[in-house]
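Biologist: Could you put the model up, so that we can talk through a few parts of it?

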Amino acid sequence: MMRLSFSQISKYGQCPRSYKLYYVDKLRERSATAFLAFGSAMDEALNTVFRDLQKNKAVTADYKAAFDECWQTVEINKRKHPLMDCTLIGYAKTDFVEDLLQPDDIRFIKAKLSEYGVEEMESYTILKNQLEEERSRRATVAFPENRHKALNLLNWLSMRRKAHLMLDAYVRDIVPKIESVTAVQKQVELKSDCGSSLVGYVDTIVRFKGDSEDTVLDNKTSASPYTEDQVKNSQQLSLYTYALGLKKAAYAVMQKNIRMNREKVCSACGFESTGSHKTCNNTVDGKRCNASWNETVKPEAVTQLIVDTIEEQTQHVVVDNIAEVNDAIAANVFPKNLSACKNIYGNPCPYMNACWKNQTDYLEKVE
């Protein structure tokens, strides 16, 4: 008898051998990406929103403070680390957007760079790009810790500002569509005849305005928009609706790519530009103005809400597949999926060297 989570089922589907190395052999990387820590902090912030809605039908909690509190630490292999400048964390190139930084962030960066002994530059984008280039060149030589801390600090602050905008957009765009909240972080369990079970946690169960049925609502952060068919083809949502006896499910997607809404207004004639001219191209008294622009940005996050019905046939296909995965794990069947080695969520599999070269010295065993 086994007790599995949907994450385990998903990892086995990606590559059975990576499942074995992770869950059976308990071999883990010594570092992690910021993606999971960011998602956990966003979940905690949204939990405060939904608990308010469940009790009061209004959002009163400081959801940004809830995010900030969770965005302070990260757990890697059962050890907690301060997240702000943790050099065990990796960020994506698009995580940093200099124009999102606030005056408080700038003052904080200046103080920390002085503490790290890293020279400050006029543009933090240039500094970040320089640090990333240095790090990539030092693939076989340790990247200086002080410079690594500076790089991660810039990303950490930018992601904090992104999160605040994303949460504001969620409360602005998604929350008004919700009539009531039935449950928050509800555990669901699916048991087999042999006694094995699959356990998961639903973000929330809601009833949307104008609807007479409850809907399983899953909150996601994403670098790109979801397609309209992703709800009805989701294994996870199919499982949750089946286990709860529901038909409808939804994704609330918060996009990490922020719309900057840049505006350029002429400092002399007040002309608003929509082009890429370096100076004002407006004609005044028969002559081009040529004055400088006053540039501003009004950053705004974008959300998606995709609601769909999951067909009973789809639910049964997913449940049957889970049963097959359960049987395979019980029988210790863990073949390599070599086609997935270079594309696990867009990145190379962390176990490539273990599979291809039988090297595991870069991994640590976590009991």
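Modeller: We can go through strands, helices, a cavity and a pocket in turn.

Modeller: This is a predicted model, in which local features need pLDDT of at least 70 and side-chain atom pairs count only at pLDDT 80 or more, while totals for chains, interfaces and linings use all residues. Residues are numbered from 1 along each chain as its sequence is written, and side-chain values use heavy atoms, with hydrogens and water left out.

Biologist: In what order do the strands of the open sheet come?

Modeller: The order is 12-11-15, with antiparallel pairing among the three strands; strands here are DSSP runs of E of at least two residues, helices are runs of H or I of at least four, and both are numbered from the N terminus. Two strands pair if DSSP finds at least two bridges between them.

Biologist: Which are the edge strands?

Modeller: Those are strand 12 (272-273) and strand 15 (293-297), each of which pairs on one side only. Strand 11 (residues 262-266) is joined to strand 12 over two bridges, and lysine 264 has serine 273 in strand 12 as its bridge partner.

Biologist: Is threonine 296 in strand 15 buried or exposed?

Modeller: Neither, because its relative accessibility of 39% makes threonine 296 partly exposed; buried means under 20% relative accessible area, exposed over 50% and partly exposed in between, with a 1.4 Å probe and protein chains only.

Biologist: And what does threonine 296 touch?

Modeller: Not counting residues up to four places away in sequence, threonine 296 touches Asn261, Arg262 and Glu263, where contact means heavy atoms within 4.5 Å. The C-alpha atoms of threonine 296 and asparagine 261 are separated by 8.4 Å, although the two are 35 residues apart along the chain.

Biologist: Switching to strand 4, which side chains point to which face?

Modeller: Along strand 4 (residues 73-76) they alternate, so that Val74 and Ile76 are buried on one face, whereas Thr73 and Glu75 point to the other and are not buried. Strand 4 runs antiparallel to strand 5 (residues 79-82), with four bridges joining them, and valine 74 stands opposite histidine 81. In this hairpin two residues lie between the strands, and asparagine 77 takes a positive phi near 50°.

Biologist: How does the span of helix 7 compare with what it should be?

Modeller: Helix 7 (residues 145-173) has 29 residues and should span 42 Å at 1.5 Å a residue, and its end C-alpha atoms are 41 Å apart, which agrees; the expected span is 1.5 Å times one less than the number of residues. Helix 7 is mostly covered, with 22 of its 29 residues buried.

Biologist: What lines the largest cavity?

Modeller: The lining includes Cys15, Asn337, Ala340 and Tyr351, and the volume is about 60 Å³. On a 1 Å grid over the protein atoms alone, a cavity is a set of points where a 1.4 Å probe fits but cannot get out, a pocket is an open set with protein on both sides within 12 Å along at least five of seven lines, and lining residues have an atom within 4 Å of a point. Grid points are joined across faces, edges and corners, and a volume is the space filled by probe spheres set on the points.

Biologist: Which residues lie nearest the centre of the second largest pocket?

Modeller: Leu190, Lys191, Ser192, Ile322 and Ala323 do, out of 15 lining residues, and the volume of this pocket is about 280 Å³. Helix 9 gives the largest share of the lining, five residues.
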